Amino acid sequence: MDLLERITRLKEQKKAIILAHNYQRPEVQDLADFVGDSLELARQAATLKDCRLIVFCGVRFMAETASILSPEKKVLLPVSEAGCPLAEMVTPEQVKAMREKHPGAWVVSYVNTSAEVKALSDVCCTSANAASVVRNVPVSKILFFPDRNLGWYVQQRVPEKEILVWDGFCFVHERFTAAEVKQVREKMPDAEVLAHPECLPEVQKLADGIYSTSGMLKRARQSPAQKIVVATEEGLLHRLKKENPGKEFYSLGTAKICPNMKKTNLEAVRLALEREEPAINLSEELLQSARRALERMLKFL
Ligand code: SF4
């Protein structure tokens with residue numbers, strides 16, 4: 001039996017579903033039941049009744065988010081060391097210290113944070129809804145964690161609020177440069193350039209549009225441009241090409257790769273399914289507090 005058959009058989013036996021983030025390896029995306037951004041996947045999993053086990057092919061905070069929204073299901077992260085350096089740039093102690101320093105301010109946390117940081121937050125946000133969430137928060141002062149570029153993006157769109165932005169960043173998205181955008185403009189003047197809000201402000205300013213990964217997928221379908229250049233992790237190209245066979249897609253400059261996102265391979269998925277580990281194991285109290293911040297986000301949209 002080949003590897004794919006074994007995974008399919010195990011999946012059926014164990015009533016499991018496989019979720020893959022848009023940045024995963026192509027073969028992992030092709031194997032998955034659902035491919036998407038972290039929140040999209042976690043919400044999708046929460047609606048599935050006949051499922052006992054979730055295999056989350058992504059990084060730790062994503063599997064935790066799935067567990068927060070599906071506490072009755074067991075969630076596996078096939079490679080336990082697959083973490084997100086951005087999420088690790090803020091600790092619960094740092095959030096508590098900022099709260100003490102700024103009483104009355106609301107803590108808004110990007111989903112790229114640990115469950116502990118979510119539990120200390122008033123509300124969460126995604127890159128797609130960050131500006132809308134901050135606009136709707138009922139106070140004028142915001143402590144925004146942890147991404148400084150997404151924070152800058154929100155500051156531009158919600159100038160009426162005082163937004164103190166934490167100094168974290170995604171080392172993958174920060175590697176895109178304004179010079180790379182200028183080069184593309186010269187070499188491919190008919191291409192549309194889409195940047196993720198985790199990119200540097202100077203890249204965002206030069207792009208044709210700023211989009212989350214799900215926003216880029218939507219824009220790619222609707223755009224009249226035949227050539228689209230994306231400033232985000234290169235894994236998204238697989239889905240962009242698959243869904244839009246008539247168009248051409250490129251990474252901005254050299255391809256930027258997140259090594260954490262590429263740690264999961266088919267063998268790791270098979271082993272996780274067979275052993276039912278490594279599993280996400282969060283306390284009931286933590287799950288409840290973190291869920292409150294995620295559910296409040298959905299009310300603010
Ligand atoms: S691409 Fe950036 S934000 Fe996403 S997992 Fe990698 S380091 Fe974290």
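Let's start with overall size: for 301 residues, a compact globule would have a radius of gyration near 19 Å, and this protein has 19 Å, so the two agree. That radius is taken over C-alpha atoms, and the globule rule is 2.2 Å times the number of residues to the power 0.38. Please keep in mind that this is a predicted model, where local features need pLDDT of at least 70 and side-chain atom pairs count only at pLDDT 80 or more, while totals for chains, interfaces and linings use all residues. Residues are numbered from 1 along each chain as its sequence is written.

Taken along the principal axes, the C-alpha atoms fill a box of roughly 55 × 50 × 30 Å. Inside that box we find 14 helices and 12 strands. These are DSSP runs numbered from the N terminus, with helices being H or I of at least four residues and strands being E of at least two.

How much of the protein is buried? Buried residues make up 48% of the 301. A residue is buried if 20 or more other C-beta atoms lie within 10 Å of its own, exposed if 12 or fewer, and partly exposed in between, with C-beta atoms placed from the backbone. As for contacts, two residues make one if their C-beta atoms, placed from the backbone, lie within 7 Å. Of the contacts between residues at least 6 apart in sequence, 64% join residues at least 24 apart.

Now let's walk along the chain, beginning with strand β3. Of the 5 residues in β3, 4 are buried. β3 runs parallel to β1, joined to it by 5 bridges, and Ala-16 stands opposite Leu-53 in β3. β3 also runs parallel to strand β4, residues 74-76, through 3 bridges, and there Val-55 stands opposite Leu-76. For pairing, DSSP must find at least two bridges between two strands. As a reminder, strands of a sheet pair through backbone hydrogen bonds, either parallel or antiparallel.

Helix α3, residues 38-47, comes next. Ser-38, Leu-39, Leu-41, Ala-42 and Ala-45 are buried in α3. Seen down the axis, these buried residues fall within an arc of 160°, so they line one face of the helix. That arc is the one made by the directions from the helix axis to the C-beta atoms. Among the elements covering the buried residues of α3 are β1 (16-21), β2 (34-36), β3 (53-57) and α4 (60-69).

Helix α4 holds a residue worth pointing out: Glu-64. Is Glu-64 buried or exposed? It counts as buried, because it has 28 C-beta neighbours inside 10 Å. Leaving aside residues up to four places away in sequence, Glu-64 touches Ser-114, Ala-115, Ile-280 and Leu-282.

Further on we meet helix α8, residues 148-157, whose buried residues are Arg-148, Asn-149, Leu-150, Gly-151, Tyr-153 and Val-154. Their cover includes β5 (106-110), α7 (130-136), β7 (141-145), β8 (162-165), α10 and β10.

Then there is helix α9, residues 178-187, with Glu-180, Val-181 and Val-184 buried. They cover an arc of only 100° around the axis, which puts them on the same side of α9. On the other side, Ala-179, Lys-182 and Glu-186 are exposed. The buried residues of α9 pack against β9, α10 (201-206) and β11.

Two of those neighbours belong to an open sheet of 4 strands, in the order β10-β9-β11-β12, with parallel pairing. At its edges are β10 (209-210) and β12 (248-251), each pairing on one side only. Within the sheet, β9 (residues 192-195) and β11 (residues 227-231) pair in the parallel sense over 4 bridges, and Leu-194 has Val-230 in β11 as its bridge partner.

In the loop between α12 (236-243) and β12 sits Gly-246. Gly-246 counts as exposed because it has 5 C-beta neighbours inside 10 Å.

Last stop: which residues surround the ligand? They are Val-59, Cys-84, Pro-85, Leu-86, Asn-112, Cys-170, Val-172, Glu-233, Cys-258, Asn-260 and Met-261. Here, near means that the C-beta atom, placed from the backbone, lies within 6 Å of the molecule. This shell divides into 8 nonpolar, 2 polar and 1 charged. Ala, Val, Leu, Ile, Met, Phe, Trp, Tyr, Cys and Pro count as nonpolar, Asp, Glu, Lys and Arg as charged, and the others, Gly among them, as polar.
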